[in-house]
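Work through these short exercises on side-chain contacts. Try each task before reading its solution.

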Amino acid sequence: MLGIWSYFWTTLGSNAPYFNLPAIGTEPYQRSGRGFYPMRYLGKSLFYLETEYRKDITQDGLFGFVLFANTNTVSERRTA
């Protein structure tokens with residue numbers, strides 16, 4: 001089974017509050033940025049792409065494995 005998940009998040013105004021800027025790990029379900037600290041990457045625009053490959057090892061599906069890869073980019077990074 002192959003799964004792909006992506007999103008693009010941007011701000012339209014130039015003076016968005018710091019904690020409302022697009023960031024990894026701050027969406028409602030906390031799905032993005034496996035292994036990254038939340039808000040580690042923060043900026044005016046964010047693009048995120050994740051791909052997963054799932055495969056059963058046993059016939060009954062008790063054991064299996066997952067391979068995943070993700071990539072992201074942040075533009076115009078801001079500092080506090």
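**Exercise 1.** Find the salt bridge partner of Arg 54 and classify both residues by burial.

Solution. Arg 54 forms a salt bridge with Glu 52; their closest N and O atoms are 3.0 Å apart. The criterion is a side-chain nitrogen of Lys or Arg within 4 Å of a carboxyl oxygen of Asp or Glu. The count by this rule is one salt bridge. Next, burial: buried means under 20% relative accessible area, exposed over 50%, partly exposed in between (1.4 Å probe, protein chains only). Arg 54 has 41%, so Arg 54 is partly exposed. Glu 52 has 11%, so Glu 52 is buried.

The model is predicted: local features need pLDDT of at least 70, side-chain atom pairs count only at pLDDT 80 or more, and totals for chains, interfaces and linings use all residues. Residues are numbered from 1 along each chain as its sequence is written, and side-chain values use heavy atoms, without hydrogens or water.

**Exercise 2.** How many aromatic pairs are there? Classify the geometry of Trp 5 with Tyr 7.

Solution. Rings of Phe, Tyr and Trp (its six-membered ring) pair if their centres lie within 6.5 Å; planes under 30 degrees apart are stacked, over 60 edge-to-face, the rest tilted. The count is five aromatic pairs. Trp 5 and Tyr 7 lie 5.4 Å centre to centre, with 55° between the planes: tilted. Trp 5 is partly exposed at 22%. Tyr 7 is buried at 16%. Ring pairs join Trp 5, Tyr 7 and Tyr 48 into a cluster.
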